[in-house]
Structure formats: structure tokens, C-alpha cells
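Q: I have this one open for the first time. Can you walk me through it?

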Amino acid sequence: MQKRRFLSLACAGPDDLAALALWCQAFTPLTALDPPDGVMLDIAGCAHLFGGETGLLARLAARLPNARMAVADTAAAAWGLARYGKPGSPDILLLPLAALRLAPEPIARLRRIGIRTIGQLARLPRAGLVAGYGQAPALRLAQALGEAPEVIRFITAPPEWREAEPFMEPLWLPAQLQAALTKLAARLCARLTAATLGATALTARFYRVDRACPAIHLAFAAPCRDEAQIAKLLIEKLAQEIDPGFGIEAVALEAPLTEPLALVQQDMGAKPPDYARPLNTLLNRLGSTRIWRVAPHASHIPEFATERVTVKAQPVAWPKPHHPARCVY
């Protein structure tokens with residue numbers, strides 16, 4: 001099992017902490033907000049790409065010269081070393097009690113009995129520490145030493161193809177939500193058309209007043225940017241899958257998966273049949289487990305020469321058999 005390594009980055013009053021955390025994903029995919037002034041990075045398995053931990057710290061220091069940073073085996077230890085440690089000194093036992101992210105009251109009480117550093121605190125019996133000063137000092141100490149887990153909420157980069165609409169007043173009427181979905185579908189499809197892309201999956205998220213976030217998921221048999229069809233499929237699922245609760249504050253429409261979809265010149269004559277529209281309807285009404293297609297599968301056993309795959313509007317051509325050249329004697 002790979003050892004965990006955390007890098008704590010502390011900046012003096014960053015303008016946008018979320019933007020800084022997203023920028024740090026150029027070094028590791030696991031970054032978390034550490035308000036009010038920091039970002040936590042999980043660099044396990046990533047440091048060697050930048051010349052080791054020393055090289056990674058040097059790259060960050062070159063871009064953020066005023067930031068303080070440190071690496072440790074636990075997130076709590078990295079946080080304390082970045083803010084209270086001395087350069088080149090990875091020993092957290094020498095740090096003051098404030099490096100454990102304790103409130104001022106337990107720190108003041110511990111200082112009255114001569115406990116000023118983490119090392120002095122670690123020598124106290126844990127049972128007596130909990131009985132006299134509560135759970136916080138013992139828990140923070142255990143997290144810094146790796147004896148207790150700590151929850152870190154890593155962020156994910158928002159999808160590139162996303163449209164959102166906040167509301168001044170919460171919505172709960174179906175007609176209002178239908179109008180919002182139609183508007184978002186038009187805006188997203190306009191952007192996809194300009195980029196000659198089509199969505200192969202869509203997600204509509206509904207941010208409720210009570211912090212819940214139900215969602216509608218759509219799948220497509222072929223890349224799609226037809227705003228009328230997308231709005232129709234979303235509205236069909238709206239009443240079945242979404243409970244507005246006490247009101248919805250915002251709606252977002254995301255396209256996490258896209259594929260190229262070139263613009264096609266309309267023909268004045270006969271048009272080829274469009275199988276994508278009925279397939280999209282069936283796929284979202286019945287589900288991907290009930291509608292599928294057969295695709296060729298490389299196998300010398302006839303019974304295993306096919307396989308079930310996700311439905312597509314255009315069938316895949318079967319490979320042509322290979323006939324080796326015959327030898328003539």
C-alpha cells in the first residue's frame with residue numbers, strides 16, 4: 001500500500017481560494033480547500049513527475065513566492081508545519097499547540113500547566129487529557145500523528161460544457177422548472193454548435209433550499225445538440241425523478257461527455273432516415289440495460305463472436321475476413 005503524503009499550501013489572503021485549488025490540480029488531481037488561506041494537496045504518487053518532493057516544492061515556490069508550504073505524512077502535520085514550522089525542520093513535536101488547529105481556550109488552559117508544544121502534549125496520558133480538556137486536543141493530536149483519520153473533501157473541476165441559472169426566489173412549480181430547462185438547453189446547444197460538438201451524456205442538477213441536489217441523467221445513442229429534443233427528454237423525467245421540496249434555488253445543465261459533431265449541409269432532396277431521435281427516446285425511457293446492440297467480438301469460437309454494447313445510431317461494420325495468400329507450387 002502506497003504511503004500517503006500531503007502538501008499544505010498557505011497563501012496570505014488569496015483572492016479566489018477555489019481558483020487556486022483548481023490551479024493546483026496541474027500537480028495532483030486531489031486538491032481540497034483549506035480556508036481561510038490554504039489549499040491541501042494529496043501528492044502520493046505524483047511527486048516523482050516533478051523531480052521528487054523537493055522539485056515539486058521548488059515549482060510551487062517559483063509560481064507562488066509568498067506562499068508557505070510543507071509536506072508530511074498527515075494533512076494535520078502538513079498544515080502545522082506550513083504555518084508554524086521552520087524551513088528544513090519536519091519535526092511536528094517542536095511546534096506550538098496552535099499548530100494543532102485548537103481553539104484559544106484549550107491552548108490557554110494547557111499553557112497554565114506548562115504544556116506549550118505538541119511534544120509535551122503527546123507525553124500526557126490520553127485518558128487524562130480527554131477528561132480534563134475535552135475531546136478536541138486528543139483528537140487533533142491523533143490526527144497529526146496519523147493515529148486517527150481526518151475527512152478531506154477534495155474538489156473536482158467543473159465540466160467545461162456547463163450552463164447554470166440561479167433564481168432570485170426559489171422555484172417549485174413544474175412550469176417554472178420546465179422553462180428553466182428549456183432555456184439552459186438552448187444556451188448549451190448554442191455553445192456546442194459553435195464548437196462542432198455533440199453531447200453523448202447530459203446531467204441536469206437541481207439545487208434545493210434544503211441543500212439537497214437531485215439530478216436527471218440523459219444518455220444518447222449518438223452525439224446530440226438538438227435543444228428541442230433535449231428539453232423534451234428532460235421535461236419527461238422532471239415530474240418522475242425530481243421533488244422540488246421547499247423550492248429550487250438554481251438549476252445547472254452539464255455535458256460531461258461530448259464527441260465531434262460536424263455541421264451538415266441540408267439537402268433539398270430526400271433525407272436519410274434519422275434513427276438517433278427514436279433511439280434517444282427509448283434509451284432514456286427504458287434504460288441502457290433494456291436497449292442495446294450487437295457488435296462484433298474477436299473470437300475463434302462462433303458462440304462468442306458477438307457482444308452486447310451500448311446502443312448507437314450507426315451500426316458498426318463487421319470486419320472483413322482475412323484470407324492469406326495461397327502458395328502455388
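Q: Let's start with two helices. Are α8 and α9 roughly parallel or antiparallel to each other?
A: They are roughly antiparallel, because their axes cross at roughly 150° and angles over 145 degrees count that way (under 35 is roughly parallel, 65 to 115 roughly perpendicular, the rest oblique). This is a predicted model, where local features need pLDDT of at least 70, side-chain atom pairs count only at pLDDT 80 or more, and totals for chains, interfaces and linings use all residues. Residues are numbered from 1 along each chain as its sequence is written, and side-chain values use heavy atoms, with hydrogens and water left out.

Q: And what are "helix" and "axis" here?
A: Helices (H or I, at least four residues) and strands (E, at least two) are DSSP runs numbered from the N terminus. Axes are lines fitted to C-alpha atoms, for helices over the stretch in contact, with angles from 0 to 180 degrees between N-to-C directions.

Q: Within what distance do the axes of α8 and α9 come?
A: They come within 9 Å. The crossing by which α8 passes α9 is right-handed, meaning the near helix is turned clockwise from the far one by less than a right angle (anticlockwise would be left-handed).

Q: Which residues meet there?
A: From α8 they are P174, L177, Q178, L181, T182, A185, A186 and C189, and from α9 they are E227, I230, A231, L234, I235 and L238. Contact means heavy atoms within 4.5 Å.

Q: What do the helices pack on?
A: A sheet. It is open and has four strands in the order β5-β8-β6-β7, with antiparallel pairing (at least two DSSP bridges between two strands). Its edge strands, β5 and β7, each pair on one side only. Neighbouring strands are turned by 15° against each other on average, direction ignored. Helix α8 touches β5, β6, β7 and β8, and its direction makes about 160° with that of β5. Helix α9 lies across β6, β7 and β8 and runs at about 150° to β7.

Q: How many bridges join β5 to β8, and how many join β6 to β8?
A: Six join β5 to β8, and 10 join β6 to β8. Both A164 and R205 have A252 in β8 as bridge partner. Also in β8, E254 stands opposite R162.

Q: Which residues sit at the heart of the largest nonpolar core, by number of other members touched?
A: L202, F206, I216, I230, L234 and L253 touch the most other members, out of 30 residues in that core. Such a core is a set of buried Ala, Val, Leu, Ile, Met, Phe, Trp, Tyr and Cys residues joined through side-chain atoms within 4.5 Å. At least two residues come from each of β5 (162-171), α8 (174-194), β6 (197-208), β7 (215-224), α9 (227-241) and β8 (248-260). The largest share, eight residues, is from α8.

Q: What does I216 touch?
A: Leaving out residues up to four places away in sequence, I216 touches L202, T203, A204, F206, L234, K237, L238, E241 and I242. There is also a second, separate core of 27 residues, and M40, A76, L100 and L141 are among them.

Q: M40, then. Where is it, and is its strand buried or exposed?
A: M40 belongs to β3 (residues 38-42), and five of the five residues there are buried, so the strand is largely enclosed by the rest of the structure. Buried means under 20% relative accessible area, exposed over 50%, partly exposed in between (1.4 Å probe, protein chains only). G38, M40 and D42 point one way, V39 and L41 the other. In a regular strand the side chains alternate between the two faces of the sheet.

Q: What does β3 pair with?
A: It pairs in the antiparallel sense with β1 (residues 6-10) over five bridges and with β2 (residues 31-34) over four. L7 stands opposite L41, and D34 has G38 as bridge partner. A hairpin of three residues joins β2 to β3.

Q: New topic: is Y84 buried or partly exposed?
A: Y84 is partly exposed, at a relative accessible area of 37%, and is found in helix α3 (residues 75-84). It touches R68, W79, L95, P96, A98 and A99, not counting residues up to four places away in sequence. Between the C-alpha atoms of Y84 and W172, 88 residues apart along the chain, the separation is 50 Å.

Q: Last one: how do α6 and α7 sit?
A: The axes of α6 (residues 126-133) and α7 (residues 135-144) come within 6 Å and cross at roughly 140°. That makes α6 oblique to α7. R126, L129, V130 and Y133 in α6 meet Q135, P137, A138, L141 and A142 in α7.
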